[in-house]
Amino acid sequence: MNLWETVKVAWEGIASNKVRSLLTMLGIIIGVAAVIVMIAISAGTEATIEERITGLGSNLVFVTANFTRGGPGPMGQPGSRGGLVYDDAFAIAEKVKGVVAVVVEQWAEQTVRAGNVTLEDVAILGTTPGFPSVRDMRVEQGRYFKQEEVDQKQKVAVLGHSLAQELFGDADPVGQTVTVGNTKLTVIGVMARKGLVGDVDYDARLYTPITVVFQKFTPSMFARVMGDRVRVIYVKIENRQAIEDTVQQIKLLLAKRHNVSLEEADFTITTQQSVIETQEATTAAFRNLLAWVAGVSLIVGGIGIMNIMLVSVTERTREIGIRKAVGAKRRDILWQFLIEAMVLSVLGGLIGIALGMVGASVVTRIEPRIEAVLTPGIVLMATGFSAAVGLFFGIYPAMRAAGLHPIEALRYE
């Protein structure tokens, strides 16, 4: 009996018990669908994380402040010491080789008014002139503020794209005045649309010189002695391959300025790649956990296939005896039941792939922030996995069928 005839006989055996065959495939269907959904969402999440982090800018190093107990702290809060000050940024820009630009940020939240429009809890971001280039943003109208305006604490503002629309509608904001808290700022520019990066809406922010934020929105009684505290400094590196060397230079410089050892540093330095790797490691751990759950479902499905195939061998014992009596060889019977088990598994796998694709699409629609990425590799892997399950769990029933003696099989009632 050739392969096509063997497949045909196996298919007839499956089709003769449609409901039982469908129930047998159910474990495989659920397992494969779960694998497809989880891998697609995991791949999409990793791609989204990388895109969002790189969307902050390219070749960035993040210098963040660590605070320890003991003395006057950031923004005038007693009981802590250590961290970064505004002058650290100038030192990095002047003394570290390979640095293209340095940006300092300080945050505040204020009520913003323009005409009859009042917006509460608007994010006020104090920055320096290199912010657009370092953070991969551009000015759509007007201009960004200059270093002279930062040094002179000029009360100017650049509006995020959506913030400008909320405050001024279709009118041109440039040259207009907005009141931030109790301080009037002159609008000199509007940023191009940036959208969400992570959970931050860059279009809803107001950008102003960091010195204005220090003076008006986060005043500190210790600033004259210790310097204006900042929580993060962004450093743009010229050459990606030189990032590690540049990071080491920054560490040594800041440790010397703060009079601390590298082991007791009051700052932390991370790179974009390390942030991406940390996020991906977290995603991978979660994916592996769920993959084990899906794997258990596939194993249960495989056991179900083996169980039904053993029942099928028992029910068709006389059929096996007749086939052997008319000339069917041991390998013909073996392949008949093995192919039947594999067809059940592969068919269940294909249905599971289809359901998995639909499930991934539904998840994306329900939660737009979750992006599912389906690749041919995922489909091929799921198909191969389901075929392997059918092959593994179909071997024993097939060998049992092939090992039946024809005379005893014909006598079976």
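This report walks through strand pairing, nonpolar cores, helix packing and a few individual residues in a predicted model.

## Strands that pair

Strand E7, which covers residues 177-180, has pairing partners in strands E3 and E8. With strand E3, residues 99-114, strand E7 runs antiparallel and is joined by two bridges, and in this pairing Val112 has Val180 of E7 as its bridge partner. With strand E8, residues 183-191, strand E7 again runs antiparallel, this time through four bridges, and here Val180 stands opposite Thr183 of E8. Strands E7 and E8 together form a hairpin in which two residues lie between the strands, and Gly181 in that turn has a positive phi of about 65 degrees.

Another set of pairings involves strand E11, residues 206-209, which runs parallel to strand E4 and is joined to E4 by four bridges. In that parallel pairing, Thr127 is found opposite Pro209 of E11. Strand E6 also pairs with E11, but in the antiparallel sense and over two bridges, with Leu206 of E11 serving as the bridge partner of Leu159. When following any of these strands in the structure, it helps to recall that in a regular strand the side chains alternate between the two faces of the sheet.

## The nonpolar cores

In soluble globular proteins, nonpolar side chains tend to be buried together. In this model the largest nonpolar core has 44 residues, and the residues with the most contacts inside that core are Val63, Ile92, Tyr207, Ile233 and Val235. If residues up to four places away in sequence are not counted, Val235 touches Asn59, Leu60, Val61, Val63, Ile92, Val99, Ala101, Val102 and Ile250. Apart from this core lies another one, of 25 residues, and among its members are Met25, Leu344, Ala382 and Ala402.

## Helices that cross

Two packed helices are described by the angle between their axes and the distance between the axes. For helix H3, residues 86-95, and helix H9, residues 243-258, the axes come within 11 Å and cross at roughly 135 degrees. Because of that angle, H3 counts as oblique to H9, and the crossing in which H3 passes H9 is right-handed. The residues that meet in this packing are Asp87, Asp88, Ala91, Ile92 and Lys95 from H3, and Gln249, Ile250, Leu253, Leu254, Arg257 and His258 from H9. Two of these names have already appeared in the account of the core, since Val235 touches both Ile92 and Ile250.

Helix H11, residues 317-325, and helix H12, residues 330-366, have axes that come within 10 Å and cross at roughly 140 degrees. Since angles over 145 degrees count as roughly antiparallel and those from 65 to 115 as roughly perpendicular, H11 is oblique to H12. The crossing of H11 and H12 is right-handed, and in it Glu319, Ile320, Arg323 and Lys324 of H11 meet Ile333, Gln336 and Phe337 of H12.

## Two buried glutamates

Glu105 is found in strand E3, and with a relative accessible area of 1% the residue is buried. Leaving aside neighbours within four places in sequence, Glu105 is in contact with Leu125, Gly126, Thr127, Phe131, Arg135, Ile210, Val230, Arg231, Val232 and Tyr234. Thr127, one of those contacts, is also the residue that stands opposite Pro209 in strand E11.

Glu149 lies in helix H5, where a relative accessibility of 13% places Glu149 among the buried residues, because buried means under 20%. Again leaving aside neighbours within four places in sequence, the contacts of Glu149 are Arg143, Gln154, Val156, Ile188 and Pro209.

## Positive phi outside glycine

Which value does phi take at Asp121? For Asp121 phi is near 55 degrees, a positive value in a residue other than glycine. Asp121 sits in strand E4, residues 117-127, and is exposed, with a relative accessible area of 56%.

Lys153 likewise has a positive phi, of about 55 degrees, although it is not a glycine. The place of Lys153 is the loop between helix H5, residues 147-151, and strand E6, residues 156-159, and at 37% relative accessibility Lys153 counts as partly exposed, since that class lies between the limits of 20% and 50%.

Methods:
Residues are numbered from 1 along each chain as its sequence is written. This is a predicted model: local features need pLDDT of at least 70, side-chain atom pairs count only at pLDDT 80 or more; totals for chains, interfaces and linings use all residues. Side-chain values use heavy atoms; hydrogens and water are left out. Two strands pair if DSSP finds at least two bridges between them. A nonpolar core is a set of buried Ala, Val, Leu, Ile, Met, Phe, Trp, Tyr and Cys residues joined through side-chain atoms within 4.5 Å. Buried means under 20% relative accessible area, exposed over 50%, partly exposed in between (1.4 Å probe, protein chains only). Contact means heavy atoms within 4.5 Å. Axes are lines fitted to C-alpha atoms, for helices over the stretch in contact, and angles run from 0 to 180 degrees between N-to-C directions. Angles under 35 degrees count as roughly parallel, over 145 as roughly antiparallel, 65 to 115 as roughly perpendicular and the rest as oblique. A crossing is left-handed if the near helix is turned anticlockwise from the far one by less than a right angle, and right-handed if clockwise.
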